[in-house]
Structure formats: structure tokens, C-alpha cells
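Let's take a walk through this protein, from its packed interior to its aromatic rings. Have the viewer open as you read.

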Amino acid sequence: MQWYINVNGKLLKRGYTTGTCAAAALKASLIWSLTGVLPDSVDIRLPIGESIRIPVLWCGKESGICYCAVRKDAGDDADVTDGAVIYAGAERISEKGVSFASAGGVGTVTEEGLPVKVGEPAINPVPRSMMREVLENFNIFSAKVYVGVEDGGRIAKKTFNERLGIVGGISILGTTGIVEPFSEEAWKESLLVEMGVIKNRGYDFIVLTPGGKGEKLYKKYYGDSRNVLICGNYFGFAVKNAILKGFKEICIAGSFQKLIKLAAGNFNTDSRVSDAKAEVLALYTTIFEKNYNVNLVKEILNATPFSKSIGILEKYGIDVKGVFTLIGQAVIRKLRQLGEASFRVIMFYGDSILTDIQG
């Protein structure tokens with residue numbers, strides 16, 4: 001297992017998922033309950049075919065069930081579950097098959113649209129499969145598996161679980177068993193899950209915003225926020241997949257400093273990937289004014305921070321809302337290149353609405 005990978009020129013450490021932790025904890029508990037030996041560590045096979053060794057943190061009994069715990073190591077990823085203590089145990093049952101329950105700190109699914117049924121503990125399909133494989137390796141085919149997370153309720157408040165309708169704890173996740181540091185794919189995967197939940201709430205209208213401030217302002221001015229998806233910089237990915245999921249109306253809401261990049265067709269607004277916001281503003285101001293003012297353009301291009309550019313337009317007596325209506329129209333034209341939908345663009349300047357345009 002190669003633990004270090006190159007991410008943007010830096011060597012970063014991989015970690016392992018909550019699903020891998022649950023499977024490892026279950027394996028340790030089975031070794032203890034079946035042999036009487038308290039294991040110091042266990043080897044667990046990952047969905048990607050490799051095996052890793054995970055230390056066992058503690059073992060204890062409750063209500064006759066042997067539990068063992070491991071500590072999650074998220075490597076160098078910015079993961080709120082890093083260091084979480086995850087424990088598991090199993091009891092034999094007469095009914096055929098394997099079922100899962102929370103032993104505390106694992107959330108419960110309350111809304112449709114997730115890969116787990118409503119009412120079930122938030123343990124995703126791959127971790128369930130990993131734990132079934134562990135049981136089968138001990139010739140156990142009928143069991144109830146309990147998975148718990150110490151302080152899981154508190155940790156969950158730092159996650160998106162509440163937005164997804166998962167209450168009372170964290171989710172047990174993972175598709176490969178490994179946490180890739182700052183994984184773009186993991187972030188995109190989470191967007192698709194949340195998009196599915198919003199669709200199942202009955203919405204044909206989704207609001208895409210880059211962050212929490214955009215969500216807060218949208219809720220302040222337009223009320224409902226149950227259809228708001230924080231998509232970070234991935235507007236192109238989010239718009240394309242919103243169309244594929246059948247959303248008829250797509251609203252882009254956020255600060256003008258971020259959304260103005262879309263007018264140039266920069267659908268990933270990460271500043272490491274795209275910029276040109278000052279150039280876009282200078283261009284559309286010139287088009288709007290039907291006059292090339294070299295001093296004005298120079299001031300816009302040198303505005304630092306970029307939010308000062310609004311004050312520059314005002315200083316020259318330019319109709320700011322008029323300029324941003326033009327830019328909003330340009331954004332909608334670019335969004336139409338991604339697919340068929342009704343688009344709306346809302347740009348904020350500070351806490352105020354700069355433009356709200358539909359097309």
C-alpha cells in the first residue's frame with residue numbers, strides 16, 4: 001500500500017475511511033469473542049484489493065456483545081472524522097442474513113435519495129459489504145452488527161449530515177476503503193448524493209452556491225434553503241449533473257467576485273484553475289459604456305481586493321446594476337452551453353443583491 005501521494009506538488013498521506021474502521025473493529029471483536037484472544041491489530045482487506053493493518057484501541061463487553069474499537073486516521077485530508085473512535089460488535093440471530101444497527105453516534109437516515117433506506121443506520125453499502133465479508137470469513141451468515149462512534153453526535157454537527165436528512169450521528173462511509181487527501185472525486189461524489197436528496201424532496205428548482213455565505217444570503221432574501229447545494233468551485237460539474245437529474249430550473253447564487261468568472265466560461269472557479277475576473281469586468285463595463293476608458297480599465301485591473309472594483313465603477317458614475325445585468329446575461333449564455341434548463345443568476349456584493357436575472 002502506497003501511503004504517500006503527490007497532490008499539487010506536495011507529498012500527502014492517505015488515510016482510511018470510517019467504513020474500513022468499522023470492518024476492522026468488527027473483525028477484532030469476532031477474534032475476541034470466538035478465540036478469547038484480544039488482538040493488538042487486525043488486517044483488513046480493502047475494496048481496492050489491498051490489505052492494511054489497523055491497531056485496536058480497546059475491547060469491552062456490553063449487554064453480552066463483544067465490542068472492539070479502532071481510531072480513524074484520515075491521513076493529511078481535512079476530515080472532521082479524523083481521530084474518531086469507531087467500535088463494532090455482532091450478535092448471532094436466528095433470521096437468515098445480516099442486519100445493521102447503531103450502537104450510538106451513527107446517524108439515522110430520515111429522507112429518500114440516499115443509498116440507504118429511510119429508518120436505517122447511515123452505514124453505506126460498501127462498508128456493509130466489507131463487514132459482511134468479515135463475518136463470512138468466520139462462517140457467520142446470520143448476525144446483527146452494531147456500529148458506534150464515540151461522540152458521533154457532536155462530530156456530525158460539523159458535517160453535511162443534517163442537510164442530507166441524517167440525524168443523530170455521523171455516517172459510515174467509503175467506496176475504496178481509503179481516504180485520498182483533498183480528493184476532488186470525493187467532493188463531487190458528495191455533491192451528487194446531496195443533489196439526489198434535494199430532488200427527492202420534490203424540487204425541480206435547485207440553487208447552486210459556492211459556500212455558506214451564499215447559502216445564508218439566499219435564505220435571507222428568498223426564504224427557502226432546502227434546495228440549496230453548496231458546490232464549491234465545481235459549477236460546471238454541478239450544472240451538468242443537475243440537468244441529468246431532471247432539475248428544470250437552476251439558480252447560481254453567490255458573490256460577484258466568484259460568479260463573474262462564469263461569464264468567461266470558467267466553470268471551475270478555483271483561482272488556481274481560472275481567474276480573469278478583473279478582465280471580464282473591464283470588458284463588460286466597456287461594452288456597457290460603449291466607450292473604452294483606459295484609466296477606468298487600468299483601475300479595474302489593479303483593484304485589490306477585487307471587491308473594490310464596485311467602488312471604482314461608482315466613482316466613474318457608471319450604472320453598476322446595468323453592468324452586472326449584462327454580465328449576468330453573459331453567464332446565462334455560457335450556462336446554456338452545458339445543457340437545457342431555465343437559468344437564474346443572483347450575484348451578491350457584500351450583503352446586498354447586485355443582480356438577479358433569469359433567462
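What follows covers the cores, one strand and its partners, the aromatic rings and a helix residue.

## Before we start

Keep in mind that this is a predicted model. Residue numbers count from 1 along each chain as its sequence is written.

## Two nonpolar cores

Nonpolar side chains tend to be buried together in soluble globular proteins. Here, the largest nonpolar core has 52 residues, and those with the most contacts inside it are Leu208, Ile250, Phe324 and Ile327. Helix H11 (residues 320-335) supplies the largest share of this core, with 8 residues.

There is another core, lying apart from that one, and it has 41 residues. Leu26, Ala88, Phe100 and Ala143 are among them.

## Strand E14 and its partners

Leu208 brings us to strand E14, which spans residues 205-209 and is mostly covered, with 5 of its 5 residues buried. Which way do the side chains go? Phe205, Val207 and Thr209 point one way from E14, while Ile206 and Leu208 point the other way, and all are buried.

E14 pairs with two strands that we can take in turn. With strand E16 (residues 249-255) the pairing is parallel and runs over 4 bridges, and Leu208 stands opposite Ile252 in E16. With strand E15 (residues 228-230) there are 3 bridges, again parallel, and here Leu208 stands opposite Leu229 in E15. To get from E14 to E15 the chain passes through H5, and this β-α-β crossover is right-handed.

Who else does Leu208 meet? Setting aside neighbours within four places in sequence, Leu208 is in contact with Leu229, Cys231, Phe235, Ala238, Val239, Ile250, Cys251, Ile252 and Ala253.

## Aromatic pairs

A pair of rings is described by the distance of the centres and the angle of the planes. Searching the whole structure turns up 8 aromatic pairs. One of them is Tyr221 with Phe348, a stacked pair at 6.2 Å centre to centre with 20° between the planes. Tyr221 sits in helix H5 (residues 212-222) and Phe348 in strand E17 (residues 342-349), so this pair ties together parts that are 127 residues apart in sequence. Tyr221 is partly exposed, at 35% relative accessible area, whereas Phe348 is buried at 2%.

Phe256 and Phe306 also form an aromatic pair, this one tilted, with 5.6 Å centre to centre and 35° between the planes. Phe256 belongs to helix H7 (residues 256-259) and Phe306 to the loop between helix H9 (294-301) and helix H10 (308-315), so the pair ties together parts that are 50 residues apart in sequence. Phe256 is buried, with a relative accessible area of 0%, and Phe306 counts as buried too, at 8%. Together with Phe324 and Tyr349, Phe256 and Phe306 form one aromatic cluster.

## Charges over rings

Two charged side chains are worth a click. Lys61 lies over the face of Trp32, 5.8 Å from the ring centre. Arg163 lies over the face of Phe160, and there the distance from the ring centre is 5.3 Å.

## A look at Ala28

Ala28 is part of helix H1 (residues 18-35). Is Ala28 buried or exposed? At 0% relative accessibility, Ala28 counts as buried, because the cut-off for buried is under 20%.

Leaving out residues up to four places away in sequence, Ala28 touches Pro39, Val42, Val56 and Cys68. The C-alpha atoms of Ala28 and Pro55 are 9.6 Å apart, with these positions 27 residues apart along the chain.

Methods. This is a predicted model: local features need pLDDT of at least 70, side-chain atom pairs count only at pLDDT 80 or more; totals for chains, interfaces and linings use all residues. Side-chain values use heavy atoms; hydrogens and water are left out. Rings of Phe, Tyr and Trp (its six-membered ring) pair if their centres lie within 6.5 Å; planes under 30 degrees apart count as stacked, over 60 as edge-to-face and the rest as tilted. Buried means under 20% relative accessible area, exposed over 50%, partly exposed in between (1.4 Å probe, protein chains only). A charge sits over a ring if NZ of Lys or CZ of Arg is within 6 Å of the ring centre and within 35 degrees of the ring normal. Two strands pair if DSSP finds at least two bridges between them. A crossover is right-handed if, with the strands pointing away from the viewer, the path from the first strand over the helix to the second runs clockwise. Contact means heavy atoms within 4.5 Å. A nonpolar core is a set of buried Ala, Val, Leu, Ile, Met, Phe, Trp, Tyr and Cys residues joined through side-chain atoms within 4.5 Å.
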